[in-house]
Structures are given as structure tokens and as C-alpha cells.
Amino acid sequence: MPLRAALVATVLVFPALAFAQAQPAAVTSVKGKFQDPITRAAVPEVAVKMTSLADTSDVYHVTAKEDGSFEVPALGVHSYRLEATRLGYAPLKMVVRVSTKNQDLGVLAMTTESVPVSGITVHESPPPAIQKGDTTEFHAGAVKIGRDANAEDLVQKLPGVTMENGQVKAQGEAVQNVLVNGKPFFGSDPTAAMRNLPAEVVDRIQVYDKASDQSEFSGFDDGQSQKTMNFILRNQNTKFGKVYAGYGDQDRYQAGGNATVIHGGQRITAIGLSNNINQRNFSPLDLFGAMSGINLGGGGPRIMQMMGGGGSGGRGMSMMFRGGGFSGGGFDPSSFLVGGQSGVSTTNSGGINYVNQWGPKVSLTASTFLNGTDNKDVQTVARQYLPPQDSLAYYDQGSTANSTNENERADVRLEWSPDSSNSVIVQPRLYFSRNDASSVGGASNVTTEGSTISGVQSSTFDGVHGNNLSNRLTLRHRFERRGRNISADISLGHSVRNGNGSQASITDFYQGANTVGSDTLDQRSNSRTETNSFSTRIAYTEPLTKSLQAQLIYNPSITKSDADARGMLLDPQTGEYTLPDTALTNTYHNRNTTQNGGLAVLYTRGTWRWLTNASYQHLDIRSDEAFPFVTSLDHAFDDFLPSMTLSGTFANRRNLRLAWTTSAGPPSVGQLQNVVNNSNPLSLTSGNPSLRPNYSNTISLRVSEANPLQSRSRFLFANVTRTSHTIANATFTAPSDTVVDGVNLARGTQLTRPLNLGESWNANLFGVYSRPASFLKSILSFNGGGSFTRTPTRVNGVTNVGSTYVLRSGVVMASNISENLDFTVSYQGTYNISRYTMSTSNRGDYYTHTIGVRFNAVAAHGVVVREELTNNLQSGVPSAYGQDVVLWNTTLGKKFLKDQRGELRVTASDVLRQNQSVSRSVTETYVQDSRDLTLSRYVQAVFTYSFK
């Protein structure tokens with residue numbers, strides 16, 4: 001109740017304060033110039049219409065001059081729909097985000113319409129990509145794709161856009177947000193948007209870094225931008241959707257559909273699916289709390305109870321699952337990719353998205369989503385320690401696991417603009433989740449000579465349920481003087497994670513071929529972690545000169561976490577679990593208080609923007625242990641956090657952005673809590689109350705270039721991060737039976753804790769070049785790059801530095817022939833190199849590649865042929881985990897009904913029965929290979945009906 005009262009008070013009180021002194025809004029203008037992309041001649045007398053997306057009655061009309069130039073005055077800082085028309089030219093439609101003074105759109109291409117000549121129609125295809133300031137805009141009409149394709153199929157044909165493990169990447173960076181007509185679509189779920197949006201309704205796709213609401217208002221970057229993909233639809237009054245159902249052998253089934261109705265500013269979308277063929281239509285946020293295992297210590301979430309080791313700080317290169325780690329600062333659900341989930345899943349999900357403009361002052365975006373999954377997996381794991389840790393050289397595991405996950409989420413964005421000077425944005429988010437998981441299996445530790453040190457047979461169950469609730473209130477006020485404004489961003493957060501589990505295991509210890517001891521574990525455990533947070537960011541902007549602006553920033557925050565873990569052993573006399581295990585029991589309180597303030601200066605000259613920011617941060621970390629011991633730690637840290645950003649746009653074709661940022665990251669309550677996690681008796685983890693924050697410097701460079709006249713584009717992205725006081729792993733392997741910090745360790749057993757160690761480095765490089773291949777009527781894209789990671793660890797008291805080098809190259813040829821003949825041929829290769837300072841002979845080098853061919857043809861009488869061929873290669877790994885397989889999916893179908901809206905098809909998946917789920921993870925201390933359960937070959941008949 002106190003939290004609800006605080007949220008209500010925040011929403012009701014602060015708007016009244018913000019609007020106490022409303023003033024008339026400053027205005028700005030937008031200008032540009034129309035040009036024929038073929039002749040480069042100016043296009044005069046173009047009728048320009050700009051309509052506010054926030055208020056459709058707010059409309060502006062101008063006509064371009066003889067030189068093709070135009071200017072629309074008296075605009076507010078909003079988003080507008082620009083429509084340009086002229087006889088003989090195709091209409092130009094685009095969404096313009098007005099965010100700067102006297103914004104210049106540069107040269108806008110007006111392409112000629114098809115002209116009939118002697119029975120021949122000549123079509124002038126628009127260029128695939130256009131650079132407009134910091135926004136790369138792709139024309140959907142420049143890419144021919146099958147009529148049944150969705151937006152996900154469309155974007156994979158765009159230059160610089162790739163799909164990796166279910167995650168869309170644009171220009172080397174993960175897409176974090178998807179908009180439709182500038183409005184959110186199912187929260188921040190890119191997958192839900194693209195898989196339920198037909199490609200044929202899309203007019204253009206914009207890719208840009210979307211700033212926060214505060215930054216868009218003030219023009220000052222606050223470092224909270226998200227790589228965003230905005231789909232602009234062809235028609236603002238339309239409806240479309242489809243339903244489908246299919247069944248096949250082995251009782252494989254699928255059913256689902258989607259429907260969207262758009263009427264001006266109102267949009268309603270419903271989606272749903274049910275299947276047992278591993279199709280998932282939900283975002284990473286739906287996996288909140290869905291990890292097996294209770295995070296009693298610092299080892300992070302564990303996908304399997306018996307994975308051991310507590311992870312490696314998230315440095316694995318390509319493994320589908322990684323067991324948390326110490327460097328991540330706690331579990332971030334958004335970092336877990338649904339596409340990487342192993343095993344076979346049955347999924348049932350559905351959701352509704354609603355967007356509407358309630359009059360000229362209020363707009364609402366809301367979505368709700370429900371999801372349930374049932375997953376089964378059989379997994380084997382082989383781990384080699386590099387270097388060997390004392391006598392321990394190998395770890396092997398086999399397990400069978402079952403898990404069920406249920407979750408619900410709701411996202412709302414309410415924007416109120418009572419006048420042109422003030423606005424209020426309220427964004428509540430409510431997430432609820434429950435997961436139950438059980439596993440049965442065994443694991444063993446092995447020496448370099450191949451003899452077993454210890455082995456365990458274990459049966460576990462874990463139940464986790466929790467919520468993640470938050471609300472963000474943004475208040476913005478613009479003063480009468482142009483450029484003077486003030487805004488406040490207020491955030492409240494509340495999350496709860498409750499867990500309960502049971503574990504029964506027998507651990508045997510060996511010396512040679514003889515068993516020298518056994519340990520039986522029969523325990524029950526429960527845990528609860530509750531976190532509450534409050535933060536605000538107040539920014540005041542003042543114009544100093546025509547080219548110079550200053551901003552004062554104050555950003556205080558407080559986060560309070562309470563964690564309680566209880567481990568109870570079986571009392572053989574009573575048969576009840578009443579014996580406390582102090583090593584597994586802990587009550588812990590943590591509070592982080594941050595005071596952050598600074599000054600930013602923005603200098604604008606022509607197309608150049610230079611932003612500098614200098615802030616000072618004081619962080620106080622107070623940790624109190626109440627049980628089983630009473631201890632307190634209070635640490636204060638002071639950091640200077642400067643940053644600079646230089647950006648420029650040239651000829652509205654090339655954009656450059658060079659940035660330097662700094663940050664300080666405090667440890668999480670899970671990393672601080674000094675309690676043992678013994679979910680794997682062979683590899684224990686624990687927290688460390690003495691951790692301090694890490695400090696990072698990052699330099700990044702982004703260059704985007706799109707030449708619409710030659711239909712060529714180039715993108716380059718690079719960044720380097722240096723982190724000092726790195727929160728890394730310290731692992732101790734017991735050479736004999738011993739006790740460490742009150743924890744009993746048998747010979748060969750590991751204990752891993754987080755520790756601040758030296759510095760770490762991380763660097764990435766990605767580039768792509770795209771051009772038309774006229775001889776095949778296709779778009780040819782070349783990409784390449786690499787990454788470098790260097791991270792220290794502590795192994796039995798000695799610092800080991802692990803370095804990984806990854807080299808990547810690829811090529812994609814996407815057809816641009818017609819919607820009846822569509823193909824894509826691609827190659828992506830990766831070479832992974834690993835080196836360790838404590839070992840020169842043992843290495844984890846390996847090579848992977850994927851070669852893919854997708855073919856889709858619609859022949860006469862509506863006959864449909866679809867083929868998908870993929871060659872997956874993983875070499876340089878043990879034979880049991882290597883692969884060189886060909887996956888072949890084939891489909892034969894027939895379109896019928898009016899406008900060929902119906903389709904009946906028969907699909908055979910994995911025709912050659914070669915599907916495998918193998919992966920490799922390379923960390924600072926070990927190389928790990930795994931194999932998981934996969935779907936076998938199956939055949940389905942599916943009926944689909946599309947409507948519009």
C-alpha cells in the first residue's frame with residue numbers, strides 16, 4: 001500500500017507543480033529541398049503538407065519554390081507526418097521528428113511515377129537507404145519480397161540488418177525498441193512487432209538512436225538512448241491480419257493469428273499463438289524470474305542446477321546458456337535471448353496493443369501480454385579448465401530438466417499536453433512471473449590423467465515467483481525564451497523475488513579407483529529478495545548565445561534491497577527439515593545512495609554538434625548482515641564522470657558520431673550477500689560484502705553513409721571499453737579436505753566468489769557495405785568485424801588473464817526481382833581465438849559458420865514452393881559436440897479463395913534428420929561444450945487465411 005500511495009501522489013502532485021507557470025511555447029521551422037535522384041535536378045512546385053501526430057487538426061501547407069526548396073514555419077517540437085505531392089512524381093510520405101531549431105531535412109528525393117510507353121511500363125525503384133541526419137531510412141518498396149512475408153523477413157534484407165539468435169541487430173547494434181508510426185508496439189518487444197506486421201503494409205523503416213523523453217525535449221543527450229526501428233505504414237486507415245492452424249505427425253501442432261485495425265491515430269492489435277514446435281512470441285522481459293535455481297549467493301542465475309562454477313562474468317562467446325557471473329551486476333532479464341532457449345517447448349501466449357489520440361491533448365499507448373511455456377530438455381556438458389585448477393582439469397555433466405513458466409505484463413504510456421509549453425508523460429510497467437523447474441542428473445570432476453576426483457547424483461526442484469513494478473513520470477516545461485526549458489524525470493521501482501527449493505544429492509569422493517568418502521545432502525531452502533528504488537533527474541537548459549546552450553543536471557537516487565535466505569537440513573530423528581545450515585542462511589540489507597550533479601554544454605555550428613558533460617557522483621553503499629552474524633559495512637566512493645559527443649551530418653548523406661562516456665557500476669545485492677549456493681555440490685558460490693564499484697571509460701564511433709543516387713550504403717560501428725576495479729571471479733579448488741571461510745570443501749570441490757581485480761578491456765568493430773547487383777536484380781551486402789575481450793580472474797590465489805579474439809565476416813545476397821520470386825543467400829563465418837596467461841598449451845580456438853539459402857516462389861494457379869537450406873559448421877571442438885550438418889525445410893502449398901487469401905501447405909521440417917543443438921562457451925578460466933534436446937523431423941499440414 002505505501003508504494004501504491006507514493007505512485008498516486010507522484011502522478012497527481014507533480015503535474016500541478018509543473019504547470020503552475022505555463023508560458024507560450026517557442027516555435028521552430030523545418031526546411032529542405034526536393035530533387036530528382038536520377039537527374040539531380042530540382043523539383044519545383046511540390047505541395048507540402050505537415051500534420052501533427054499528436055493533433056491531426058494541426059496542419060501546415062506550403063509549396064516548394066523554383067529551386068525545390070521549402071520551409072514550414074511556426075512548428076512545435078513534436079512529430080509530424082510530411083506528405084509531398086507533385087504531378088508526375090510518386091508521393092513522398094515520412095515522419096519528421098522536430099527536435100532542433102530550424103531543422104534542415106536536406107535533399108529529399110522525389111522519384112518519378114511509372115510512365116506507360118507503347119504498352120511498356122517503366123518503374124523507377126527508390127533507393128534502398130537514405131541518410132537523414134542521424135536517421136537511416138530504408139524504403140520498403142526498394143526491396144521485393146513475398147506477399148506473405150512479415151516485417152522480420154523484410155528487415156533481414158535491408159543493408160546492415162542481421163538476425164542473430166532471435167535478436168535483430170542494425171548496423172552492429174542490438175535493436176532495443178520497435179515503433180509503429182512512431183508509437184510503441186507491445187512495450188519494447190521487437191520480436192512481437194516484426195512477426196505480426198505484414199511486410200506489404202510497411203512503407204519505410206527508420207533506424208536511429210531514440211533519445212529519452214527528457215533528451216528529445218532539451219536536445220541534450222543523457223546517455224539513455226535506445227537503438228530503435230520505426231515502421232511507417234503505407235495507409236493510416238486500414239485493417240489487416242491472419243489466422244492459421246496446423247497439425248502433423250508426432251502430435252506436432254500450431255495455431256494462432258493476429259489482427260490490426262488502424263483508423264487515423266487509433267490502432268488496436270491482438271495477437272495469439274499455441275504450439276509445441278518451439279515457436280515463441282514473447283520478449284526477454286517475459287523470462288523475469290524464469291531461471292532455475294535460487295540465487296542465494298553471488299554466482300548469478302543458473303539455467304541448470306548442476307552447471308557449477310557460478311559462471312564466468314558473462315564472457316562466453318557463443319554458448320546458448322551461461323550461468324550468470326559476477327561482472328554483470330545482477331540479473332537483467334533483457335539480456336536473456338528467447339531465441340537461445342534450449343530443449344523443446346510448448347507455448348501458449350496472447351496479447352493486445354492499443355494506441356489512441358484522445359483529442360488534441362491526450363494520447364495513450366497500452367499493451368498487455370500473457371504467456372505460458374512448458375519446456376523439456378536433456379543436456380550434456382563437457383568443461384575443460386584452462387589452466388587446470390590444481391588437480392581439477394575436467395567437469396562433465398548430464399541432466400534431464402523440466403520447467404514451466406507463467407508470466408503477465410502490462411505497459412502503459414499516457415501523454416498529456418495541456419498547452420504548447422507543458423507536457424506530462426506517465427509510464428507504468430507491471431511484470432509478474434512464476435517458474436517451477438526440476439532436474440535429475442549427475443556430474444563429476446576429473447583430473448588431467450582422467451581419474452575421477454568426485455561425482456554427484458542429484459535431484460532438485462525450484463520454484464520462483466516475483467514481480468517487477470515501476471512507474472516513470474516525466475514533466476516538461478518550455479519558457480517563453482527560445483531554448484530555455486526545465487524537465488524532471490521521476491522513477492519509482494519495486495521488485496520481489498520469492499524462491500523455494502529442495503535438493504537431494506549423494507556426492508562420492510575418490511582416490512584412484514577407490515571411494516574414500518560420501519556426503520549425503522537432503523535440504524529445503526527458501527529465499528526472498530525485495531528491492532525498492534527511487535530516482536529523479538532534473539535538467540534546466542539555458543541558451544547562452546545563438547550557438548551555445550548550457551544545462552544544469554541534478555540526479556539523486558536511492559536503492560534499498562532486503563535479501564533473506566534460509567537453508568534447512570533433514571532431522572533424521574523427527575523426519576522434518578528443521579536443522580538450520582548457517583552456511584546457507586543469511587539475512588542481508590543493502591542500501592545504495594547516489595548524489596549526482598553536473599553541467600553540460602552544447603555547441604552547434606552548421607551541421608556539427610559538440611556536447612560536453614562533467615558530473616560528480618558520490619555513492620554510499622551500506623551493507624548490514626543481521627543473521628547468522630551481525631556485521632555492518634559502510635563505504636563511500638567519489639567519482640568524476642566526464643563525457644563528450646561530437647556529431648555531424650554532411651550533404652544529408654553521411655553522419656558521424658564520436659562519443660566518450662564514463663560510468664560507475666555498483667555491485668548487486670546478490671554479489672554482496674555472503675551466503676553459499678550449493679545447488680551444485682561440486683562447485684559452490686558465495687558473495688563478497690567488500691566489493692567496490694567498477695569504473696568504465698568507453699569510446700565509440702559510428703559512421704553512416706547512404707548514397708540514394710547510386711543505391712549504395714556504408715555503415716561502421718566501433719567501441720572500446722576499459723573497466724577498472726573489475727568485479728571478476730576468484731575460484732579456489734581444494735587440493736585436499738579443507739575449510740575456507742567456514743565452508744567445508746572436499747578435495748576437488750570449487751568455491752567461487754566475486755572480487756575486484758585490476759582492469760578489463762572490451763572492444764567491438766562492425767562494418768557493412770551494400771550495393772545493388774544488377775545482373776541478378778539483387779542487393780549485395782558485405783559485413784565484417786571482430787571483438788576483443790580481456791578479463792582477469794583469480795585461480796587458487798594467482799591472477800589469470802583470459803583474452804578472446806573473435807573475427808567475423810559475412811555476405812548476403814537478397815533478391816529484388818518480384819513478390820512471386822524471392823530468395824536470399826547468406827554466409828556468416830566466425831573464428832574464435834582464446835589465450836590465457838597461466839596456460840600456453842591449452843586453448844579453446846574454434847570456427848563456426850552458417851550458410852543459408854531461402855527460396856520462395858509463387859507459380860501459376862497459386863502453387864507455392866518454399867525451401868530453406870542451412871549448413872551449420874562448428875569445428876575445433878570435441879567430436880561429440882562438433883557439427884557439420886545440413887538443415888532442410890521444404891514446403892509445398894496452394895493459394896485459393898478470393899485474392900488468394902487462403903493457403904493450404906504441407907511442410908516438412910529437418911528432412912535430413914540432422915538438427916542439433918550444440919554450442920561452445922569460452923571464458924577466462926574454462927572452455928565448455930554442451931548439447932541439448934532438439935525437435936526431430938516432423939511433417940505438418942497448415943491452413944492460413946489472411947485478410948485486409
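So, to kick off: in what order do the 4 strands of the open sheet with β3 and β6 come? Before I answer, please keep in mind that this is a predicted model.

Okay, the order is β3-β2-β5-β6, and the pairing is antiparallel. At the edges you find β3, residues 59-63, and β6, residues 89-97, and each of those pairs on one side only. If you look at how neighbouring strands sit in this sheet, they are turned by 15 degrees against each other on average, ignoring direction.

Let's zoom in on one pair here. Strand β2 covers residues 47-52, and 5 bridges join β2 to β3, with the two running antiparallel. If you want a spot to click on, take V48, whose bridge partner in β3 is V62.

Now, on to another sheet. This one is open too, with 6 strands in the order β10-β11-β17-β18-β15-β16, and here the pairing is mixed. Who stands at the edges? That would be β10, at 129-132, and β16, at 183-184; each has a single partner strand, so one side of each is left without a neighbour in the sheet.

Have a look at β17 next. Is this strand buried or exposed? Well, 9 of its 9 residues are buried, so β17 is largely enclosed by the rest of the structure.

What about the strands beside β17? With β18, residues 226-233, strand β17, residues 202-210, pairs in the antiparallel sense over 8 bridges. Two places to find on your screen: V207 stands opposite M229 in β18, and R204 has I232 in β18 as its bridge partner. Then there's β11, residues 135-139, which is joined to β17 by 4 bridges, again running antiparallel. There, E137 stands opposite Q206 in β17.

One general point while we're on strands: in a regular strand, side chains alternate between the two faces of the sheet.

Last stop, the surface. Which residues make the nonpolar surface patch of about 620 Å²? They are Y603, W608, W610, M644, L646, L658 and I699. Two elements give two or more residues to this patch, namely β33, at 608-627, and β34, at 631-650.

Let's pick W608 out of that group. W608 lies in strand β33. Its relative accessibility is 35%, and because buried means under 20% and exposed means over 50%, W608 counts as partly exposed.

That's my tour, so feel free to spin the model around and find these spots yourselves.

Notes
Residues are numbered from 1 along each chain as its sequence is written. This is a predicted model: local features need pLDDT of at least 70, side-chain atom pairs count only at pLDDT 80 or more; totals for chains, interfaces and linings use all residues. Side-chain values use heavy atoms; hydrogens and water are left out. Two strands pair if DSSP finds at least two bridges between them. Axes are lines fitted to C-alpha atoms, for helices over the stretch in contact, and angles run from 0 to 180 degrees between N-to-C directions. Patches are made of residues with over 30% relative accessible area and no salt bridge: like charges are joined within 9 Å, nonpolar side chains (Val, Leu, Ile, Met, Phe, Trp, Tyr) within 5 Å. Accessible areas come from the Shrake-Rupley method with a 1.4 Å probe; for residues, only the protein chains shown count as cover. A salt bridge is a side-chain nitrogen of Lys or Arg within 4 Å of a carboxyl oxygen of Asp or Glu. Buried means under 20% relative accessible area, exposed over 50%, partly exposed in between (1.4 Å probe, protein chains only).
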